[in-house]
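Work through the exercises below with the model open. Each task is followed by its solution.

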Amino acid sequence: QTLAQLYKPDTIPKDLRALHQENDAFLEKLYQTTFALTEADFADDEACRNTLLTLYAQKKANPENPLFL
């Protein structure tokens, strides 16, 4: 089975989906704590994507910032 087949939303195994959800929740809390973000920054896929792209742009603009090392 390929990764594309494994990760299809309608066929992803329940245990794998649960692990990803746990991992997402952990990382969201970590980002919230580290970068003073809120739950709204991760409210849905679009908000999460925008938040992560903003952090990436900040890192590119200031690569010496210790938060990004």
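Contact means heavy atoms within 4.5 Å. This is a predicted model, where local features need pLDDT of at least 70, side-chain atom pairs count only at pLDDT 80 or more, and totals for chains, interfaces and linings use all residues. Residues are numbered from 1 along each chain as its sequence is written, and side-chain values use heavy atoms, with hydrogens and water left out.

**Exercise 1.** Find which residues Cys48 touches, not counting residues up to four places away in sequence. Then place Cys48 in a nonpolar core.

Solution. Step one: Cys48 touches Asp41 and Phe42 under that sequence filter. Step two: take a core as buried (under 20% relative accessible area, 1.4 Å probe, protein chains only) Ala, Val, Leu, Ile, Met, Phe, Trp, Tyr and Cys residues joined through side-chain atoms within 4.5 Å. The largest such core has 5 residues: Leu37, Phe42, Cys48, Leu55 and Phe68.

**Exercise 2.** Identify the aromatic cluster that contains Phe42.

Solution. Step one: pair rings of Phe, Tyr and Trp (its six-membered ring) whose centres lie within 6.5 Å. The whole structure yields 2 aromatic pairs. Step two: Phe42 joins Tyr31 and Phe35 in one cluster.

**Exercise 3.** Is Ala36 buried or exposed? Check its phi as well.

Solution. Step one: locate Ala36 in the loop between α2 and α3 (45-61); helices are DSSP runs (H or I, at least four residues), numbered from the N terminus. Step two: the relative accessible area is 68%, so Ala36 is exposed; the cut-off is over 50%. Step three: phi of Ala36 is positive, about 55 degrees, although Ala36 is not a glycine.

Notes
Phe/Tyr/Trp six-rings, centres within 6.5 Å; stacked < 30°, edge-to-face > 60°. Helix = DSSP H or I, 4+ residues; strand = E, 2+ residues; numbered from the N terminus.
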